[in-house]
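Let's look at this one together and ask what the labels really rest on.

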Amino acid sequence: MNGSDFSASRRSGPVIGMTTYLQQAQTGVWDVRASFLPQIYFEGVTRAGGIALLLPPQPVDRDIADQVLDRLDGLVITGGPDVDPARYGQQPHPATNEPPTERDDWEFALLEAALRRGVPVLGVCRGAQVLNTALGGTLHQHLPEVIGHTHHQKGNAVFGTSAVRTVPNTRLAELVGATSDAQCYHHQAIDRLGEGLVVSARDSDGVIEAIERDPALPGDVFVVGVQWHPEESLDDLRLFTAVVDAARTYATERVS
């Protein structure tokens, strides 16, 4: 491939890095630790016009994170197990998962590099929590103790549907309107907000369901975290389209 061919391929769609699980997995006769991501995640990106690149947890430092971000136009931090409470200065609650330290290290490093460079970021469920804690915020470790019910995580892979109300004049409100139905599966939630973030949606219980970069900050960088799972409703691609469009703009600006 010559240089012009490569440039043309780059224009065909921005490259969106998507973080993955790393845990025991069974397939056929094999039962091994594996990196994986449900297809619906990267299908959301490809349907929105992006090129999905999976990013498995691995040893990381700042230089490695920068090398990865050199090759990305956007970053999606996907759903998964609970963030290590030590990241926000707490002891683990009995209901909190065993911390996925390899994945935490990987995602926090990638996110730090992305935020430093102005790479568009979308956080999904755990991803929103990673974003909040990376910027100094905290989490409610077990939401049922705060609101008195388990609707947000019914268990057995059954998603709860919540009507979320967006905050006027936020990026999320511009994208999805005043209200949106959200597919939820989380037993933790954002408590104290991270630095440079604003709340962009809550549900009827007052639970923070979305956060984003404070629009008062200089620049126009796409950084949005939603507590729900937009990949579960691919008839509505607005969030995936938004991060892909932002990544396309980022890719164009950095080569101009």
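Q: What makes Glu231 a buried residue without a salt bridge?
A: Glu231 is buried, meaning under 20% relative accessible area (exposed is over 50%, partly exposed in between; 1.4 Å probe, protein chains only). A salt bridge needs a side-chain nitrogen of Lys or Arg within 4 Å of a carboxyl oxygen of Asp or Glu. The nearest side chain of opposite charge, Arg103, is 10.0 Å away, so Glu231 has none by that definition. Charge here counts Lys and Arg as positive and Asp and Glu as negative, leaving out His and the chain ends.

Q: Where do these values come from?
A: The model is predicted: local features need pLDDT of at least 70 and side-chain atom pairs 80 or more, while totals for chains, interfaces and linings use all residues. Residues are numbered from 1 along each chain as its sequence is written, and side-chain values use heavy atoms, without hydrogens or water.

Q: Which side chains make polar contacts with the side chain of Glu231?
A: Tyr41 does, at 3.3 Å, and His229 does, at 2.6 Å. A polar contact is a pair of N or O atoms within 3.5 Å; within protein, one must be able to donate a hydrogen and the other to accept it, and sequence-adjacent residues count only if both atoms are side-chain atoms. Both pairs therefore qualify.

Q: Why are the buried residues of H3 said to line one face?
A: In helix H3 (residues 62–70), Ala65, Asp66, Val68 and Leu69 are buried. Seen down the axis, they fall within an arc of 160°, so they line one face. The arc is taken from directions between the helix axis and the C-beta atoms. Helices are DSSP runs (H or I, at least four residues), as are strands (E, at least two), numbered from the N terminus.
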